[in-house]
Amino acid sequence: MSRKLVAYFSASGVTAKAAKTLAEAAGADIYEIKPKVAYTGADLDWMNKKSRSSVEMNDPSSRPELADMAAGIDEYDVVFVGFPVWWYTAPSIIKTFLEAYDFGGKVVVPFATSGGSGLGKTSQTLQEVVPAASVREGKMMNGRLNAAELKQWADNF
């Protein structure tokens, strides 16, 4: 039986709820990916091209600093990585998280929440960030989540 971790970043609480439901259904541990400097409502204003999130997402080299390095990735075989979709992909802090640890030989499974867009090419992008891992196709987790269906899905990894 592989050891599983649900690591997630949530800006508004929606992804946190999905992550907790997934962790419970999968029998996985859970870890919150937190930025060193928390995002404010103004930071998340995607309509403002000068907001923090807009500036980060428009700069491919942007890597917001993590609040801690306590995920304990070495203990896990499978890491579900959750996030809200920003600009059709994972927020920059997800790249920071993936680059901060050794994911060699691990299975990475993205999951996301979004108000209207899908995962697009996120799995491909994340595979480029952690080439020594096996990044699988992810899952959108919007709306009401069925624990039995999530368990069945998570058991595939």
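## Surface patch, salt bridges and helix α1

W46, M47, W87 and Y88 make a nonpolar surface patch of about 570 Å². The model is predicted.

**Around the patch**

W87 sits in the loop between β3 and α3 (92-100). Its relative accessibility is 33%, so W87 counts as partly exposed. Two of the patch residues, W46 and W87, are also in contact with S54. S54 belongs to helix α2. Is S54 buried or exposed? S54 has a relative accessible area of 2%, so the residue is buried. Neighbours within four places in sequence set aside, the contacts of S54 are D45, W46, N48, K49 and W87.

**Salt bridges**

Side chains of opposite charge can pair when their charged atoms come close. How many salt bridges does the structure hold? The structure holds 7. Three of these pairs are tabulated here, with the N to O separation for each.

| Acidic residue | Basic residue | N to O separation |
|---|---|---|
| D29 | R3 | 3.1 Å |
| E75 | R3 | 3.7 Å |
| D155 | K151 | 2.8 Å |

Consider D29 and R3, whose closest N and O atoms are 3.1 Å apart. This pair links distant parts of the chain. D29 is in strand β2, R3 is in the segment before β1, and 26 residues separate them.

R3 also meets E75 in a salt bridge, at 3.7 Å from N to O. Here too the pair links distant parts of the chain, with E75 in the loop between α2 and β3 and R3 in the segment before β1. The two residues are 72 residues apart.

D155 and K151 pair through their side chains at 2.8 Å, N to O. Which residues are joined into one network by salt bridges that share partners? They are R3, D29 and E75.

How accessible are these residues? D29 has 32% relative accessibility, so D29 counts as partly exposed. R3 is at 40% and therefore also counts as partly exposed. D155 has a relative accessible area of 43%, which means that D155 is partly exposed. K151 is partly exposed because its relative accessibility is 41%.

**Helix α1**

Helix α1 covers residues 14-26. Why does its end-to-end distance agree with expectation? At 1.5 Å a residue, its 13 residues should span 18 Å, and the end C-alpha atoms are 19 Å apart, so the two values agree.

The buried residues of α1 are T15, A16, A18, A19, L22, A23, A25 and A26. What do they pack against? Their partners include four strands: β1 (4-8), β2 (29-32), β3 (78-84) and β4 (107-113). Helix α5 (147-154) is a partner as well. Strand β2, one of these partners, also holds D29 of the salt bridge with R3. Just after α1 comes G27, which takes a positive phi of about 65°.

**The loop at E65**

E65 lies in the loop between α2 (52-57) and β3. The loop between α2 and β3 also holds E75. Which residues does E65 contact, leaving aside its neighbours within four places in sequence? The contacts are K34, P35, K36 and I93. E65 and L150 are 85 residues apart along the chain. Their C-alpha atoms are separated by 31 Å.

Conventions. Residues are numbered from 1 along each chain as its sequence is written. This is a predicted model: local features need pLDDT of at least 70, side-chain atom pairs count only at pLDDT 80 or more; totals for chains, interfaces and linings use all residues. Side-chain values use heavy atoms; hydrogens and water are left out. The expected span of a helix is 1.5 Å times one less than its number of residues. Buried means under 20% relative accessible area, exposed over 50%, partly exposed in between (1.4 Å probe, protein chains only). Contact means heavy atoms within 4.5 Å. Patches are made of residues with over 30% relative accessible area and no salt bridge: like charges are joined within 9 Å, nonpolar side chains (Val, Leu, Ile, Met, Phe, Trp, Tyr) within 5 Å. Accessible areas come from the Shrake-Rupley method with a 1.4 Å probe; for residues, only the protein chains shown count as cover. A salt bridge is a side-chain nitrogen of Lys or Arg within 4 Å of a carboxyl oxygen of Asp or Glu.
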